[in-house]
Amino acid sequence: MTPTLSSRRLLLVISGGIAAYKSLDLIRRLRERGARVRCVMTRAAQEFVTPLSVGALSADHVFTDLFDRQDEHDVGHIRLSREADLIVVAPATADLMAKLAGGHADDLASAVLLATDKPVLMAPAMNPRMWSHPATRRNRDLLAADGVRFVGPASGEMAESGEAGEGRMAEPLEIVAAIEGLLGEGRRLAGRRIVVTSGPTHEPIDPIRYIANRSSGKQGHAIASALARLGADVRLVSGPVAIADPAGVTTTHVETARQMQAAVEALLPADAAVFVAAVADWRTGNAAGEKIKKVTGSAPPTLTMIENPDILMGVGHHARRPALVVGFAAETTNLIANAQAKLAKKGADFIVANDVSPASGIGGSGVMGGDRNLVRIVSATGVEEWPEMTKEGVAERLAAFIADRLEAVSA
Ligand code: CTP
């Protein structure tokens, strides 16, 4: 096992849910990778797993009580909250999320979370109705705005009720990947310039009407953020989206495919370029300079479409081609064959292929605009399947993958 977390100190907060049993496996997986894991358990967590088993697996004292005089004397909750590199809450119950969102600190777990100056990663686990309740959604958004990071929850059947839906805790290995991503194995991409495209393009019909698509920009923006967290100098070229510019990234806003192409080419040379944007394949060849007026009784206007430049293909075959060129492909049929054909044609090193067919389980409208994604990495050497994850999860893992590939190219 590669010690990817060697000498990393993690504080694992276990709150009370049936998923607490998975925390035992999580501790084991983290220690296998060299991490030092110290645990805090809420009172409810101790109804599901015992401090004895948690202590045996973590090989450390387990902290359970804010008012334990010995613990407060020996370590103290403030020190406990600061000594770790990262605090992981797994499982994070609706109650603990609500407490932190509201700034409560009436037990050790909430006090530690409120007192820390370290990043916090939560792996929520709860009944699907509790997860989709507006109060929980609100708390999740508040916590995310406060900088708390999330992994999962996943969809699936609940252990206790058999009910299906979103709310199952992310699998231990997915949490490990999120931790590795967050701790960033340092700033592996420091000194690298990476261009990312994101969002849709708008192709005008006249000054007020345009042709667009359902891309939200969520995946592309998440990738830009994840690359920036690894230290890259990220230049994001975004089509019109409703989400905020990612922090720590330089963003250029464009509308049309041709503007996006010009912005991307002006950013070369770069070490890598990641093309996530859903660029319109066509624009109207006869965009009107004035608003087209409706004339009752006469024939509606005809739109003539002409092909847009392929930005990825242009960069893939460019004289100043970046060392690593990554494309995306949204397919409903022949996912792998189509992605492989795109690789060669567009001059990409690998393609992140999305299955947007209803059979993918996420569904066409599910990926476009939604929060989750199911991807495969298609390169000349083969196909790598990734499990279904949140778009942040895909971004985190892709950033690490890009860092690996760039290191391999420069080696
Ligand atoms: N892309 C681009 N410029 C375009 C069209 C696509 O840079 N004008 C990029 C996208 O950002 C994505 C990749 O190319 O990384 C794949 O786009 P897609 O639309 O799936 O491929 P197409 O070549 O349009 O193929 P098809 O429409 O046949 O699926």
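Helices and strands are DSSP runs, the former of at least four residues and the latter of at least two, numbered from the N terminus. On this basis, N334 of the predicted model lies in the loop between β17 (324-331) and α13 (335-346). N334 is not a glycine, yet its phi is positive, at about 45°. Its relative accessible area is 58%, so N334 is exposed. A second residue with positive phi is A59. Its phi is near 55°, and A59 too is a residue other than glycine. A59 sits in the loop between α2 (51-58) and β3 (62-63). The relative accessibility of A59 is 53%; exposed means over 50%, so A59 counts as exposed.

The chain as a whole contains 15 helices and 22 strands. Its radius of gyration is 24 Å, and the globule rule gives 22 Å for 411 residues. The two values are close, so the chain is as compact as a globular protein of that length. The C-alpha trace spans about 80 × 55 × 35 Å along its principal axes. Of the 411 residues, 51% are buried. Among contacts with a separation of 6 or more, 69% join residues 24 or more positions apart.

Two helix pairs were examined. Helix α1 (residues 20-32) packs with helix α9 (residues 172-183) at an angle of about 45°. Their axes are 9 Å apart. Angles between 35 and 65 degrees fall in the oblique class, and α1 and α9 are therefore oblique to each other. The crossing of α1 past α9 is right-handed. On the α1 side, the contact is made by K22, D25, L26, R29 and L30. On the α9 side, P172, L173, I175, V176 and I179 take part. Seven of the residues in this contact are nonpolar, three are charged and none is polar.

Helix α5 (residues 94-102) and helix α8 (residues 134-145) form the other pair. Their axes come within 9 Å and cross at roughly 50°. That angle makes α5 oblique to α8. The crossing of α5 and α8 is left-handed. In α5, the residues involved are A94, M97, A98, L100 and A101. They meet T136, N139, R140, L142 and L143 in α8. The contact of α5 with α8 comprises seven nonpolar residues, two polar and one charged.

Two basic side chains at the α1 end of the chain deserve a closer look. K22 belongs to helix α1. With a relative accessibility of 10%, K22 counts as buried, since buried means under 20%. Beyond its neighbours within four places in sequence, K22 contacts R168, M169, A170, E171 and P172. K22 and M169 are 147 residues apart along the chain, but their C-alpha atoms are separated by 8.5 Å. R33 lies in the loop between α1 and β2 (36-41). R33 also counts as buried, at 10% relative accessibility. Neighbours within four places aside, R33 is in contact with M1, T2, P3, T4, L5 and S6. Its further contacts are L173, V176 and E180. L173 and V176 are also among the α9 residues that meet α1.

Cis peptide bonds were found at two prolines. The bond from A90 to P91 is cis, with omega near -5°. P91 lies in strand β4 (residues 86-92). The bond from L268 to P269 is likewise cis, with omega near 5°. P269 is placed in the loop between α11 (257-266) and β14 (272-275).

Note on methods. Residues numbered from 1 in each chain as written. Predicted model: local features only at pLDDT ≥ 70, side-chain atom pairs only at ≥ 80, totals over all residues. Heavy atoms only, no water. Axes fitted to C-alpha atoms, helices over the stretch in contact; angles between N-to-C directions. Parallel < 35°, antiparallel > 145°, perpendicular 65-115°, else oblique. Left-handed = near helix turned anticlockwise from the far one by under 90°. Contact = heavy atoms within 4.5 Å. Nonpolar A, V, L, I, M, F, W, Y, C, P; charged D, E, K, R; others polar. Rg over C-alpha atoms; globule rule 2.2 N^0.38 Å. Buried < 20%, exposed > 50% of the residue type's maximum accessible area, 1.4 Å probe, protein only.
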